[in-house]
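Suppose a learner and a teacher sit down together with a model on the screen. The learner wants to know how to read it, one feature at a time.

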Amino acid sequence: MTTQQEKAQEQSTEQENVELQQPEAVEEQVQPENREEQPVEAELAAAYARINELEIYVSEIDAREKDIQLRAQAEIQNIRRRAEQDVEKAHKFALEKFAKELLTVVDNLERGLAALDNAVTDETTQALVDGVELTHKEFISTLGKFGVEAVGVVGEAFNPELHQAISMQPAEGIESNHISVVLQKGYTLQGRVLRPAMVMVAN
């Protein structure tokens, strides 16, 4: 083999070696890029996970805030309703003490009328009786305008919430457990008892 042939063969061998080495170089160049992509993907995954956690946290906060808001609104409504009820009761029963004092006046008028029934002797006395009766009637009417009503009537069924039984005894023409005698009228104010009626009950 000549020297030129040997040189040509050596050049061919070197070229083949270079071609064989080039893919390795390319592979070596690609590998660092893959190593860089892996940490980025991990960071993205961690970021998405954190975002998901924050979204869940925010939704929980929103739910708690809505619950607190609903509870506050319900409490406000309850307070408003109680206040309205208190005001209504105050308006209804503001006259309670005053009305109780007036019951004594009504009792005295009725006692006076009962005494005058047997004392009418002339027109002058009758005029006096008529005047007292008119006063009594107007008085009862005025009390009624403010919600004061009389309770306790002969023949009415006994009600322990409205009547106070003094005694029980047989009474002709009166059913058992019904009022036979009214000793003192009772009164209510807007349905609430001002004074129970004092009665006798048939048995």
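What follows is their conversation about this predicted model.

Q: Let's start with the overall layout. How many helices and strands are there, and in what order do the elements run?

A: This is a predicted model, so keep that in mind throughout. The secondary structure comes to 3 helices and 6 strands. Reading from the N terminus, the order is α-α-α-β-β-β-β-β-β.

Q: What percentage of the residues count as buried, and what does the surface consist of?

A: Of the 203 residues, 16% count as buried. About 15,600 Å² is exposed, and carbon and sulfur atoms supply 53% of that area. As for contacts with a separation of 6 or more, 63% of them link residues 24 or more positions apart.

Q: How do I check a helix against its expected length? What should helix 3 span?

A: You count 1.5 Å a residue and compare the result with the distance between the end C-alpha atoms. Helix 3 covers residues 123-145, which is 23 residues, so the span should be 33 Å; the end C-alpha atoms are 33 Å apart, in agreement.

Q: Which residues of helix 3 are buried, and what do they pack against?

A: Thr125, Val129, His136 and Leu143 are the buried ones. Helix 2 (96-117) and strand 1 (148-151) are what the buried residues of helix 3 pack against. Look just past the end of helix 3 too: Gly147 has a positive phi there, about 90 degrees.

Q: Now the core. Which residues make up the largest nonpolar core?

A: In soluble globular proteins, nonpolar side chains tend to be buried together. Here the largest such core has 10 residues: Phe93, Ala99, Leu102, Leu103, Val106, Leu143, Val148, Tyr187, Leu189 and Leu194. Two elements, helix 2 and strand 4 (186-189), give two or more residues to this core. Helix 2 gives the most, with 4 residues.

Q: And on the outside, which residues make a nonpolar surface patch?

A: Val40, Leu44, Tyr48 and Ile51 make one of about 400 Å². Take Leu44 as an example: it sits in helix 1 (residues 3-93). Its relative accessibility is 44%, so Leu44 counts as partly exposed.

Q: On to charges. How many salt bridges does a search of the whole structure find?

A: Side chains of opposite charge can pair when their charged atoms come close. The search turns up 6 salt bridges. One of them joins Glu53 and Arg50, with the closest N and O atoms 3.2 Å apart. Another joins Arg71 and Asp67, at 2.9 Å between the closest N and O atoms.

Q: Why are Glu53 and Arg50 separated by about one helical turn?

A: An α-helix has 3.6 residues a turn, so residues three or four places apart point the same way. Glu53 and Arg50 are 3 residues apart in helix 1, and therefore about one helical turn apart. Arg71 and Asp67 are 4 residues apart in helix 1, again about one helical turn. On accessibility, Glu53 is partly exposed at 46% and Arg50 is partly exposed at 48%. Arg71 counts as exposed at 59%, while Asp67 is partly exposed at 37%.

Q: Which residue forms a salt bridge with Arg195?

A: That would be Asp107, with the closest N and O atoms 2.7 Å apart. Arg195 lies in strand 5 (residues 192-195) and Asp107 in helix 2, so the pair ties together parts 88 residues apart in sequence. Arg195 is buried, at 16% relative accessibility, and Asp107 is buried too, at 9%.

Q: Which residues is Gln184 in contact with, leaving aside its neighbours within four places in sequence?

A: Gln184 is in contact with Asp107, Arg111, Arg195, Ala197 and Met198. So the contacts of Gln184 include both partners of the salt bridge between Arg195 and Asp107. Gln184 is in strand 3 and is partly exposed, with a relative accessible area of 21%. Its C-alpha atom is 5.7 Å from that of Ala197, 13 residues apart along the chain.

Q: Is Ser180, in the same strand, buried or exposed?

A: Buried: Ser180 has 13% relative accessibility. Strand 3 spans residues 179-184. Not counting residues up to four places away in sequence, Ser180 touches Val154, Ala171, Ile174, Met200, Val201 and Ala202.

Technical notes. Residues are numbered from 1 along each chain as its sequence is written. This is a predicted model: local features need pLDDT of at least 70, side-chain atom pairs count only at pLDDT 80 or more; totals for chains, interfaces and linings use all residues. Side-chain values use heavy atoms; hydrogens and water are left out. The expected span of a helix is 1.5 Å times one less than its number of residues. Buried means under 20% relative accessible area, exposed over 50%, partly exposed in between (1.4 Å probe, protein chains only). Contact means heavy atoms within 4.5 Å. Patches are made of residues with over 30% relative accessible area and no salt bridge: like charges are joined within 9 Å, nonpolar side chains (Val, Leu, Ile, Met, Phe, Trp, Tyr) within 5 Å. Accessible areas come from the Shrake-Rupley method with a 1.4 Å probe; for residues, only the protein chains shown count as cover. A salt bridge is a side-chain nitrogen of Lys or Arg within 4 Å of a carboxyl oxygen of Asp or Glu. A nonpolar core is a set of buried Ala, Val, Leu, Ile, Met, Phe, Trp, Tyr and Cys residues joined through side-chain atoms within 4.5 Å.
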